[in-house]
Amino acid sequence: MNDKKAKDAIKRAVEHATPDVLSPILESCQQPGEKNVLELPKKASNRKAWRRLGAMVAAFALVVGTAFGIFSYWNGKSEMATVSLDVNPSLTLRIDQRERVLEAKALNADAAKVLDGMDLKNADLKVAMNAIIGSMVKNGYLSTQSNSVLLSVQGTGADGLEKELMEEIDAVLKKNAVDGSILAQTVKADESLAQKAESLQISLGKARIIQSLCEQNPLFHFEDLAKLTINDLNLLAASKQLKPGDAVQTGTASDGKYIGDAAAIKSALAHLGTSESAVKGLHCELDVEDGRLVYEVEWTQGAQEVEVDVDAETGTALKVERNEEDTPDEDIDHDDNDGDRDDDHGDIDDDQDEPVKPSATDIGAERAKTIALEKAGQAAAGVRELDAKLDREEGRRIYEVSFATEAEEFEVEVDAANGTVYKVKREPVDD
């Protein structure tokens, strides 16, 4: 076989081994009256697809943007802090991140009067503060005679609010010709104290101030102080040289509605028919009695220590206490039935002569000791010479509880029937 024949044989073999795929494709594409042409997608179809894709992206962006907007709106309306105001009206304002009011809540009847007719929801905090202070002035709770306001801020976003709001309150008071005394503090959550505050219809901030004063002076009763206005608490703290907690303060509390030390002393002396020249150690300071301010006037006259409580507003003497100092027994002329005189001491009052016997209704000496220690702010483990003696004074059965610390001696009078504390006397231990 020559070369030509060999090449022809190989060619035929390859042709038979390779299938003809082109012809069927052309036949399938061919339509009657048309050429065998394979059509490609048109450009218009590409533009339509891109439009659909763009619409989908825009819709997605709208959904995301709407969701973000809703989140931002509600996040802005979430509570940031609680602002409390106390004068005698006590109220709270819950505010959001935008410093807008979420809720204004009156804690007592006076605050309800202040907020009457106001719709402060969504109001700017400064606008709300302006309206509230203005209403307090209008209703007579703030004036030149009672000028103290307590501002308390609680919350994680409270930084900087104190100073900002103090300036706002001061500006409103000055517009109303009141030179204010503003106390401001940041308070932390305290569930136990908050419950006590709620029961007394005051704010947590006012409760914190009262708690601090009671810690500094154990003779104070929390409930008595809760009845006082912020101006009264301010004056009381100044008179007793106590600090109003951690609050910062501007201005001085006004005492314009009270009679003053000189008038209180004059009233107390006149009530007992004596004069300033006849007494020694005359002293006067503000105190609290049954939820109102009084002037406590004290002096020594002869063998007596005298204390008179004078109403701080009216000048009326409310209470008198006298404590006899130890004196030698005196012979007293007295005609007995047998014509003889008592050779030792003479006759004395039966109540003082006969020992007072315990009664089944008494609280008992141990309970009296506990009450006295609590009133004096002392623990049993920290005192010595603790003793309780049943006695009678002004017709009342009392326990005279006495004890001493390293620095002071105490004498506390406790009602034997109901545990009421009538007097707490404390003196430095003699060196």
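## Salt bridges, buried helices and one helix crossing

Glu79 and Arg94 join their side chains in a salt bridge, with N to O at 2.8 Å. The pair links distant parts of the chain. Glu79 sits in strand S1 (residues 79-86), Arg94 in strand S2 (residues 90-96), and they are 15 residues apart. The model is predicted. In total, the structure holds 16 salt bridges.

Arg94 has another partner. Its salt bridge with Glu103 has its closest N and O atoms 3.3 Å apart. How exposed are the residues involved? Glu79 is partly exposed, at a relative accessible area of 38%. Arg94 counts as partly exposed too, at 28% relative accessibility. Glu103 is partly exposed, with a relative accessible area of 36%.

A further salt bridge pairs the side chains of Lys240 and Asp287, at 3.9 Å from N to O. Lys240 lies in the loop between helix H10 (230-239) and strand S6 (248-250), and Asp287 lies in strand S7 (residues 280-289), so this pair ties together parts that are 47 residues apart in sequence. Are these two residues buried or exposed? Lys240 is buried, with a relative accessible area of 17%. Asp287 is buried as well, with 13%. Back at Arg94, salt bridges that share partners join Glu79, Arg94 and Glu103 into one network.

The table sets out the three pairs described here.

| Salt bridge | N to O distance |
|---|---|
| Glu79 and Arg94 | 2.8 Å |
| Arg94 and Glu103 | 3.3 Å |
| Lys240 and Asp287 | 3.9 Å |

### Helices H10 and H11

Why is H10 described as largely enclosed by the rest of the structure? Eight of its ten residues are buried. These are Ile230, Asn231, Asp232, Leu233, Asn234, Leu235, Leu236 and Ala237. The list includes Asp232, Asn231 and Asn234 alongside leucines such as Leu233 and Leu235. After H10 comes Gln241, with a positive phi near 60°. Lys240, the salt-bridge partner of Asp287, belongs to the loop that follows H10 and leads to S6.

Helix H11 spans residues 261-271. Its buried residues are Ala264, Ile265, Ser267, Ala268 and Leu269. An α-helix has 3.6 residues a turn, so residues three or four places apart point the same way. H11 is followed by Gly273, where phi is again positive, near 65°.

### Where H7 meets H8

Helix H7 covers residues 191-199, and helix H8 covers residues 204-216. At what angle do their axes cross? The axes come within 9 Å and cross at roughly 105°. That makes H7 roughly perpendicular to H8, because angles of 65 to 115 degrees count as such.

Which residues of H7 and H8 meet? From H7, they are Leu193, Ala194 and Ala197. From H8, they are Leu204, Ala207, Arg208 and Gln211. The residues of this contact divide into five nonpolar, one polar and one charged.

### Cysteines

How many disulfides does a search of the whole structure find? The count is zero. Cys214 counts as buried, at 18% relative accessibility. That residue number falls within H8, which spans residues 204-216. Cys284 counts as buried too, at 12% relative accessibility. Its number falls within strand S7, residues 280-289. Both values lie under 20%, so both cysteines are buried.

Note on methods
Residues numbered from 1 in each chain as written. Predicted model: local features only at pLDDT ≥ 70, side-chain atom pairs only at ≥ 80, totals over all residues. Heavy atoms only, no water. Axes fitted to C-alpha atoms, helices over the stretch in contact; angles between N-to-C directions. Helix = DSSP H or I, 4+ residues; strand = E, 2+ residues; numbered from the N terminus. Parallel < 35°, antiparallel > 145°, perpendicular 65-115°, else oblique. Contact = heavy atoms within 4.5 Å. Nonpolar A, V, L, I, M, F, W, Y, C, P; charged D, E, K, R; others polar. Disulfide = S-S within 2.5 Å. Buried < 20%, exposed > 50% of the residue type's maximum accessible area, 1.4 Å probe, protein only. Salt bridge = Lys/Arg side-chain N within 4 Å of Asp/Glu carboxyl O.
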